[in-house]
Each structure stands twice: as structure tokens, then as C-alpha cells.
Amino acid sequence: MDTMKKFLLGTSCVAVLAAMPSAVSAQENTSADSGGMAIEEVVVTGSRRAARSAADTPAPVDVISGDDFANQGDGDMSNLLRTVVPSYNVNAQPISDAATLVRPANLRGLAPDQTLVLLNGKRRHRAAVIAFLGGGLSDGAQGPDISVIPAIALKRVEVLRDGAAAQYGSDAIAGVMNFVLRDDAEGGAVEAKWGSTYEGDGDQLQLSANMGLPLGSQGFVNFSGEWRQQDPTSRSTQRDDALGLIAGGNTDVRQPYAQIWGQPEVKNDWKVFMNAGIETGSGEAYMFGNYAEREVEGGFFFRNPDTRGGVNSNDSGVTRLVGDLTPDDGITCPGGFNFNEGEATTGTIADPLVIGSAGEAAALAAIAADPNCFIFNEMFPGGFTPQFGGKLNDLAFAMGYRGELDNGLTYDVSMHAGRNQADFFIKNTINPSLGPLTPTEFDLGSYVQLEKNINADFSYPVEMGFYSPLNVAFGFEWREEQFEASTGQPESFEVGILAEAFERTNDQGEVISFTQGFGIGSNGFSGFSPQVAGTWDRSNIAGYIDLETDITEDWILGAALRFEDFSDFGSTTNFKVTTLYKLGDAFRLRGSLSSGFRAPTVGQQQVVNVSTVFETVNGVLQLAQRGTIPPTNPVAASKGAEPLGPEKSDAFTLGFAADIGAASLTVDYFNIKVKDRITQSATITLTQAERQALVDSGVAFAADLQAFRFFVNDFDTRTQGIDVVATIPLDIFEEGSTNFALAGNYTKTKVTAISGQDRDSIISSTDKCLYSVDPSILTMDGTRVMQIEQNLPKTRFSGTLTHTTDKWRFLARGNYYGSYCEAHLDSAGLEIEGGSEVTMDIEFGYNVMENLELVVGANNIFNNYPDDNPFAGIAGATYPVTSPMGFNGGLYYVRARFSF
């Protein structure tokens, strides 16, 4: 209820205009059984003129029907899109902090927040989650959460594979994805689906329904709902250090795996969507919205009971970390600090407790017998593995009115507001500084993203003597974005006695400052303290003009110009020119030239966070605390950080669309240059002085940090490639219709400059997966460059064969994933070259009665896995965790659908 009140209060004064004509009533002219991305579909994305065939758009648009999503085994929208759009990549993101909750996805090899997402043509709000651990390419990205959209609610999805910032504003660098909701005024469907992996884990259960109702005699209201849950999977290997502990006699280490790598558990995944429209005497009123919630929980890294820094040992397992709970009682714990004034060993550990030494057993017994002395082996003798998760909810609402005046002027005025919240929690962990009083479960606080949009759009046909009137579109947009970080429970961030700073005077009269060396905050993900919590916002206004006409019967020409002014970093102006030329009825040349931008998010500019990651510390790969701090923090500024500005892009496309008999083919080349890309910097090791400066600035947990990163506009890239889409009707069976669809993508990204220095002078590569960057560059390293250029496969394609009769239908799909490189654990020296892979999907549906269809199918029917991970023993991952095909193996499923 509190969420709803906040949302309504935040949106009560907002009234919107659509950024484009509403898609809720767009018409289709092909059936949903086309078996692929049928380019004959009528689309509205990418142009402000009347809807047209995708084959006649100057910019390439893929059209995916709702059935293309329904005819798959998975239930997550990101996974469904990955199957049918080869230039769209998403992986499992296990053990990736908040990125596990809302997985970052990449279109055309660019970052998740460089793709604009629309719902019924309206800008979709971002998720509250920021991907602090995004596999290099997506580090620091904050994009929308499309997993809240149920497949049953979709009429189609239009994917504009072209830069469109001059038309839609920020983020539309890689392209635009427009999710169009169903607009039926009658009928509906109820569907139940169950699936499981070949390994027998990861069960998925999904119930969904859709219903259309008339709204008066001239309108409709369409409702869709879905409930889903997903069990976790495990594709794990017992870690080498866990095996060593077990061999040494430690019977408390978790078996069979101390640490789990797999898909997370998803519970109570509810999604409800509504879409409505009604014709009035002078126009059309429309509205749509959604509410969604789910809980996601996954694992973190194993904490070794002998070596975990800040908990068990601060010298990589040489000596144990012993806590003194009463430092003023004059008694020194075995292996603990001497707190007594005026002694030679004041402020030091006079007799460290060496792990494995002859006297260790007696010292441990003495510690256990003394209530004032403590080690965490008493609480977790076999170590511990935190469980991290979040409760997410998403709420959005849009309404508007559109029509046409007698003089031909069309108008569309609308409002949209969206709110996304993530409440983080962590279990099976500790706040080390609290000693035995620590809880083992923590509420960590929340992130909230709130966005409000007001748009006014107009278009007017002007006779200029061309083949068609010149369509003059113009409009205005106002948008406000707000990011909030709220505090967690006090125990998740507070400084306890075992991390308190002390001052003592030794026998030489020197004042000694020291702590006992235990970590601060909930281990794995520190809660948000009042010092880092807050609410930040910004607003922007935009105006645009968009011209398009048929110069001749065969030549279409368009141009757009957009100006935006942001309250935090200033203004930007972007343009776009598009053209299409018909060489006869069956062949069309098309191309575009555009500039674009992406504004830094409010969260990226203000957020403070701490993550537990693998870092090389003093030449040893080990778990370490790494923080993210704002670029305006003085410590970040001393390393070259500056206030964030927009990313800027220049792009062009060139391609053709051809009809070859009944078949169709589109081929499009794209080239996208992005300057001043926003990312997280390379990891920078903290000095003690810098650590103290961060503590003084309000970042309390910095006392426990080994390193930090910050957001920065720092590097330039060039991304280029080719998209191919073909549909071929086949006449190979006497009964029914058969279609074959082919979709392929080749994308190559290259880092062209870092910190203003050209690539050739600072970047070198001795192997496909081995890069190095000049050490004078503080904001990016060779591992990050490799991830940006090689972590996604350059080549992906799929071929889909469908056959449909009155009683049954059959689908077979082949998927190819090219080779890739992974920096395992995001660490240099753990590079994996993953080979190319092929998977096959099969589905068979049978109409047991007129309105009831039963379906059986399998994704990855031959149960193919990626290549083995050669470093599996380090952290327990059997396969490369960023594999583009996933690493769960095959999934079989059954589905029943009743239509009415």
C-alpha cells in the first residue's frame, strides 16, 4: 500500500503526450503462424507517418509476433528475446550482486542502457537495479527490466535496429525495442506450462491468462496476467580449497558444493497488464499500465574459514583473527591485540595464533572457554556462503488522447509514469564487527527509480509538389527522473566493537592507533547507511521536428532534429537522415545517418555500493571488498574522476530489402561510433590515507575496502556488423503451410581510445583473449577491454522451420553461437576461450479439440553444454558463466492452452 501511495502522489500532477502515434490500434496484415520474423508486418516504430510494411521502412525493423514468444519453453522475456533476435544477448549472471536480480542484456554488442525500450510506443522506465558486476561489458549499466512483461500480453515486438535519439531521445544508440500489447475486444486464452532441465532441477511452472472485453461500442479493454516460479539450478564443482579443508578433517564444509553456480530461484513472480482504448466523437482516449512483483535469490562466494579477510584471517590464512569483546578488562585474548596501556606490545599482537601450529588446539580451546574472546570459526566452523536476493516490484501507468482536426493536424497528448523498486536482502552471513551478536540475515535497504513523462506530438501534411505530402511532425517532451537509496537495518552497516578504532600509549610514550581488523557491515553486500542514502533527481525538456515524404513514387526521404536540455549536465542536439529507394517492385535500397546520445542516469552519478569480488592482492587471488563511489567524491576526483556527461554517438546504416518470389530478404550493415562511454573505472587499490578520507566523507564501510571504482566517461568504441533476415514459404507437404525463417547477426566492437589516447598507443593484444593496457591509464585495464571486445560472440544466427495444419503444428529451430572469451571471475590470468556451439529446439502442438491445444517441446534438445571451465576448482563453476547459450543444458516442457 505504501508503494501505491508514493506512486500516486508522485504522478498525480502529470499529464502525458505520446512520443509517437499510439501502437495500441496498429493493424497487422499477416498471420501469427508465419514461423519467424515476418517482414510483411505493419509497423509504427521508427517513423511518425502512418504505419507501413517493415519492408518499406528506411530503417531496418524486425517484427516478432506474440506467438514467436509463446512457442518456447522458457518463461523469462529476456531469454525469449535472445532466441528470436540474434543481435540480442543475455546470460545467466550468477553471483553478480544486483545484476542477478535484473539481468543486463546487450543489443548489437552495446550496453543495456544504450537501447531504448518502449511499451505501446511510450518510453519505458528504468529498473532501480544498477549492474555493478555486469561481466565487463555491462558494468555499471542501468536499463529497463523487460522480464516484467508476460509473453501472453504481447501482440508483437518491433525491434528498430538503428540509432534513433533524434526521434526518441536518450538511450536509442543501439536501437529501439517497442513492446506492443494485445488490443483484442473479445476472446482470450488461458495457458499452463511446466518445464524442467535434463538434470532434473530448475523446474519452471507458469500460469497465464489473457482476456479482451468491449468498452462500449467503440472501444476495448484487454487484461493479461501471469504467475511464475523457477527453481534454482546447480552446475557446480566442489572448490579446491573446500576439498582441502575436507581432506584436512573439517567435516562442517557444505557438501556436495560449498558454492553454487546456477540460475537463481524466482518466487511469486506476478505480472498484470492492462491495455484499453475507446473512440470518442473527435478522437481516441487510451490508457495502459502494469503491476509486477517477484523475489529472486541466488548464491555468493564461499567464505573459507581459514582465509577470509576481515572475518577469519587478515594475512591469507597464516594466522587467525581473534576478537576481544572486552578490550578494557586488562586481559589479552590468545592471539589477540594487547589493549593495555604502557606495555611494549600495546596495540600489537604479541603472540599470533598460527593456523596449523602445534599450539593452535590449546589456544582455540582457551578462546572457546573465555566468553570475552571470540573467533568466527565458533559460529561457522566450515565457512559460510551468503545467499543474496531481492524483492522487486514494478508499477507503471500511461494515459492519453489523440485525434485529428478538420485541417488534417493530428495530435497526441499523453502522460506516463513508472516506478521500480528493489529491496535487497542477504542471508547466511555476518557483520564481522559485531562478533557473536551479529544477525545472520539482513535487510540491506532499497533502490527506487521513479520516472514521469509528459509528451505532446503533432503532425501535419504539407503539399510541396512531391509524390506525397510532406509529413511535418513536431513535439515537446518533459521528463523527470528520481533515484532513491533507502537505509537498511542498522546491523547491516554499523561499526561494532571488533572494528572500533582505539588509541593506546605504549611504554615509550607513543600513541598507537589501531583496530582489531574485523570487517564492517553485512559481509558480501553492505547495507545502505544514512550517510549514503538519499534521493536525487533531475529533469529535462526536449523539442523535435521530424520531416518525411515520398519525393517520387520510388524515393522516400526523411530528416529529424531534436534538442534536449538536462538540469544537471546541459543540452544536446541530435539529427537523423533516412532514405529508401525502390528499384522496381521487388528491391529496395535503404540507409540512414544519425547522431545520438545517452544521458548518465541519476543513480550512476550518486550511488555508493560495496561488493565482494575476486581481486589480486599482493600477488594472491582472493576475495576482497571493492567499493563503488560517486565520481564527485574527492578520493575519486584524485584519480581522475569528473562529473558525468552524456555519451555521444555517430552512426550510419546501409542495406537492402528484396522480394524473391514469395520469399523475402533483408541485409543491413551498421556502423556505430560511441564517444565518452560511461562505465565503471578499472579497480584502483586504496591507500590507508585514501581509506580514511572515504570514511571521513561518510562512507563508513570504506575502512574495510581494499579497492574502489567509480563511474567515468572514459573510452570510445566502434561497433559494426551485418544483420540478415529471410523468410521463405515452402511447399513441401500436401497438407498445411510450411515456412522457414533465417535471422543472423555479425557484430564486432573495438575500443578505439581510452582517456583521450588512441588505441594503438596504449592497447596491445598477444592473443584473442589476452589484452594489456598501458599502466599509465588508471581507468581501464586489459581485462575490461577484452570483455568489451570478445565476451559476446561476434556471430549468431538461427533458422526456424514451422509447419501448420488445422489439427497440429511443428516447429524446429537451430541456434548458432560463435566463439567468445571470458575473464573468469573478472580476473586477469583466468581467460577462457569458449568455442562455438549449436543448439536445437523442437516443439509439437496438437489441437485435441477446437479451442484446446496441447504442446510438448524441448529447448536445446540434445542437451549441449559449453566447453568446460579450466579454472573450475578456483570458485566451483563447472562451465564458463558468461556462455552466450547459457550453461543449464537442455530444457523439456509441456504446455496446455485453451482459447475462447
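Numbering the bonded cysteines of the chain in sequence order, what is the pairing? The pairing is 1-2, 3-4. This model is predicted. A search of the whole structure finds two disulfides. A disulfide is a covalent bond between the sulfur atoms of two cysteines. Let us take each in turn.

C333 and C373 form one disulfide, with their sulfur atoms 2.0 Å apart. The torsion about their S-S bond is about -95°, so this disulfide is left-handed. Where do the two cysteines lie? C333 sits in the loop between β15 (323-324) and α6 (360-369), and C373 sits in strand β16 (residues 373-374), so the pair ties together parts that are 40 residues apart in sequence. Both C333 and C373 are buried.

The other disulfide joins C769 and C821, and here the sulfur atoms are 2.0 Å apart. The torsion about the S-S bond of C769 and C821 is about -70°, so this disulfide is left-handed. C769 is in the loop between β35 (763-767) and β36 (770-773), while C821 is in strand β39 (residues 820-823), so this pair ties together parts that are 52 residues apart in sequence. Are C769 and C821 buried or exposed? Both are buried.

Now turn to the nonpolar cores. The largest nonpolar core has 44 residues. Which of them touch the most other members? They are W261, F301, F388, F424 and Y447. Four strands each supply at least two residues of this core: β17 (387-404), β18 (410-427), β19 (441-462) and β20 (470-486). Look at F424 in detail. Leave out residues up to four places away in sequence, and F424 still touches a list of residues that includes A98, L101, V129 and F528. F388 and Y447 are on that list of F424 contacts too. So are F442, D443, L444 and G445. There is also a second, separate core, made of 36 residues. Among its members are V85, Y88, A651 and F670.

Next comes a single loop residue, N304. It is found in the loop between β14 (283-299) and β15. Is N304 buried or exposed? Its relative accessible area is 7%, and the cut-off for buried is under 20%, so N304 counts as buried. A polar atom of the N304 side chain lies 2.8 Å from the backbone nitrogen of D306. Beyond its neighbours within four places in sequence, N304 is in contact with D241, L245 and N312.

Some residues stand out for their backbone geometry. Start with a proline. The peptide bond from Q255 to P256 is cis, with omega near 0°. P256 is found in the loop between α5 (240-247) and β13 (265-279).

Then look at phi. D826 is not a glycine, and its phi is positive, near 55°. D826 lies in the loop between β39 and β40 (831-834). Its relative accessibility is 33%, so D826 counts as partly exposed. N860 is not a glycine either, and it has a positive phi of about 55°. N860 is placed in the loop between β42 (852-859) and α12 (872-875). With a relative accessible area of 7%, N860 is buried.

A helix can show two sides. Take α9, which spans residues 688-696. Which of E690, R691 and L694 are buried in α9? All three are. They cover an arc of only 105° around the axis, which puts them on the same side of α9. On the other side of α9, Q688, A689 and D696 are exposed.

A strand can show two faces. In a regular strand the side chains alternate between the two faces of the sheet. Strand β21 (residues 502-505) follows this alternation. F502 and R504 point to one face and are buried. E503 and T505 point to the other face and are not buried.

Which strand is joined to β21 by four bridges? It is β22 (residues 511-514), and the two strands run antiparallel. F502 has F514 of β22 as its bridge partner. Together, β21 and β22 form a hairpin with five residues between them. In the turn, G509 has a positive phi of about 80°.

Notes
Residues are numbered from 1 along each chain as its sequence is written. This is a predicted model: local features need pLDDT of at least 70, side-chain atom pairs count only at pLDDT 80 or more; totals for chains, interfaces and linings use all residues. Side-chain values use heavy atoms; hydrogens and water are left out. A nonpolar core is a set of buried Ala, Val, Leu, Ile, Met, Phe, Trp, Tyr and Cys residues joined through side-chain atoms within 4.5 Å. Buried means under 20% relative accessible area, exposed over 50%, partly exposed in between (1.4 Å probe, protein chains only). Contact means heavy atoms within 4.5 Å. A disulfide is a pair of cysteine sulfur atoms within 2.5 Å. A polar contact is a pair of N or O atoms within 3.5 Å; within protein, one must be able to donate a hydrogen and the other to accept it, and residues adjacent in sequence count only if both atoms are side-chain atoms. The arc is that of the directions from the helix axis to the C-beta atoms. Two strands pair if DSSP finds at least two bridges between them.
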